[in-house]
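Me: Please take a close look at one part of this protein, the place where its two domains meet. Which elements and which residue pairs are found there?

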Amino acid sequence: MQQQLQKVSKMIGNTPVLKLDSVDAGLYVKLEQYNAFGSIKDRPAFYVISKALQRGDIDENTIIVESSSGNYAIALARICKLLGLTFIPVIDPNITSEKEHVLRLLCDDVHKVTELDETGGYLLSRLKAVQEYKLNNDNVFHPNQYGNEDNYQAYYHGLGVEISERFDRLDYLVMSVSTGGSVAGISLRVKEKFPNVKIVAVDVEGSVIFGGGPKKRKITGMGASLRTPFFDNALIDEIMILSQEEIVNGCHALLKKQGLFSGASSGAAYYAAQEKIRQVGNPDMNILFIAPDSGDAYVNNVYNEVWIEKYINQPKYEIA
C-alpha cells in the first residue's frame, strides 16, 4: 500500500496559477481541477488516508465511510480504489447527477439519504447515517472531513505552501467555504509569509457557517448546515455572503469573460473577487481566488437555463 501511496502523492498538488485579464487589478486564479481526481478535495482526501494508514487506523480490511456532496467522496473513492480499500460514500439528493454516476461506477455500495434534517438540508442526516453504520459494523474508519484536524493540515502543508511560494506580494485571497478546512489551513500558512494579506471567505445564503439562518439551497459544493471547529482556527478578515443567483452569475461570467469552465464555488469566488476589486479600486493590488473544481459536474444545473429558471432567479451575467 505504501508504494501506491507514493504514486498517488505525485498526482496531487502543484496546480497552476493563471493570471486573468483585468485592468483593475492583478487578478489570479489557482486552478484546483488539475489535481489528479479533479478537485481541491483530492488534497485532504489523500492526506487523511495517508495519516490514518501511518497511525494504524486503517488496514486492508477496513471499510472507509464518509459523508460528502461529491468531490470529497470522488477523491476518496479513487484513492481507495488504487489502494485496494473499500469505500462507501454517503450522499443526498442534492448531489449532481454526474458526480453520483461516477461514485456508482467506483463504489459497490453508495448510501443515499433522502430524509431532510432539522435545518431543511441533508448534511446532518448524512452524518447520522455514517454514525449508524459505524455502530453496526466493525473495522470502520470515518475520515470525518467536518472534524478531523488532518483536513485543514492538508491545506496548511500543501496548498498554503504553494500559494506562499508563488507570490512575492499578495493583497487579497478569496475562497469559498464549506467544511472550513481549506480556509483554516491556507489562511494560517499564507499569513505566515504575508501577514497583511486579507482573507475573504465566501459563503452562500442559507448556510449557517457565519450565523445566518438555514435556508434550502440547490447549489452544492459550498456552504454548510453546521459550523465546524476549523473556523475557530481560520484567520478570516472579511466575509461575503452571496445569493445563489450571484453565484450562477459568477460562473457564467468566469466562462464568458475569462474562458474558464468552473464549478459553483469557483464562480462564487470569482464574483466575490470582482466585487472586492470594485470596492478597493487599486489597480496595483494582487488578488488571488481559488477555483476548487471544473464545471463538468454542473452542466445540468448552474449552466442549464431550464434548471436556472426553475430553481434560481433568472441570471443577468453582468460581471465585467
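Reply:

**From the sheet to the domain boundary**

Strand β3, residues 63–67, pairs with β6 in the parallel sense, over two bridges. This is a predicted model, and every value below is computed from it. Within that pairing, Ile-64 has Phe-141 of β6 as its bridge partner. The two strands belong to an open sheet of four strands, ordered β5-β4-β3-β6 and paired in parallel. At its edges stand β5 (111–112) and β6 (140–141), each of which pairs on one side only. As general background, the strands of a sheet pair through backbone hydrogen bonds, in either a parallel or an antiparallel manner.

The division of the chain comes next. Domain 2 covers residues 42–141, whereas domain 1 is made up of 10–35 together with 154–315. The C-alpha centres of the two domains are 24 Å apart.

Where the domains meet, 28 residues of domain 1 are in contact with 18 residues of domain 2. The size of an interface is often expressed as the accessible area lost when the parts come together. For domain 1 and domain 2 the buried area is about 1800 Å², and carbon and sulfur atoms give 57% of that area.

Polar and charged pairs also join the two sides. Eight residue pairs are in polar contact between domain 1 and domain 2, counting pairs with both residues at pLDDT 80 or more. On the side of domain 1 that touches domain 2, the elements giving two or more residues are α6 (150–157) and α7 (159–166). Helix α6 gives the most to that side, with three residues. Sorted by class, the side of domain 1 that touches domain 2 holds 10 nonpolar, 11 polar and seven charged residues.

Side chains of opposite charge can pair when their charged atoms come close. Three salt bridges are counted between domain 1 and domain 2, while the count for the model by this rule comes to 16. One salt bridge joins Arg-43 and Glu-32, whose closest N and O atoms are 2.6 Å apart. Arg-43 is located in helix α2 (residues 42–55) and Glu-32 in the loop between β2 (26–31) and α2, so this pair ties together parts that are 11 residues apart in sequence.

In summary, the boundary between domain 1 and domain 2 has eight residue pairs in polar contact and three salt bridges, with a buried area of about 1800 Å².

Terms used:
Residues are numbered from 1 along each chain as its sequence is written. This is a predicted model: local features need pLDDT of at least 70, side-chain atom pairs count only at pLDDT 80 or more; totals for chains, interfaces and linings use all residues. Side-chain values use heavy atoms; hydrogens and water are left out. Domain bounds come from an automatic or database domain assignment. Contact means heavy atoms within 4.5 Å. Buried area is the accessible area (1.4 Å probe) that two parts lose on being put together, summed over both. A salt bridge is a side-chain nitrogen of Lys or Arg within 4 Å of a carboxyl oxygen of Asp or Glu. A polar contact is a pair of N or O atoms within 3.5 Å; within protein, one must be able to donate a hydrogen and the other to accept it, and residues adjacent in sequence count only if both atoms are side-chain atoms. Ala, Val, Leu, Ile, Met, Phe, Trp, Tyr, Cys and Pro count as nonpolar, Asp, Glu, Lys and Arg as charged, and the others, Gly among them, as polar. Two strands pair if DSSP finds at least two bridges between them.
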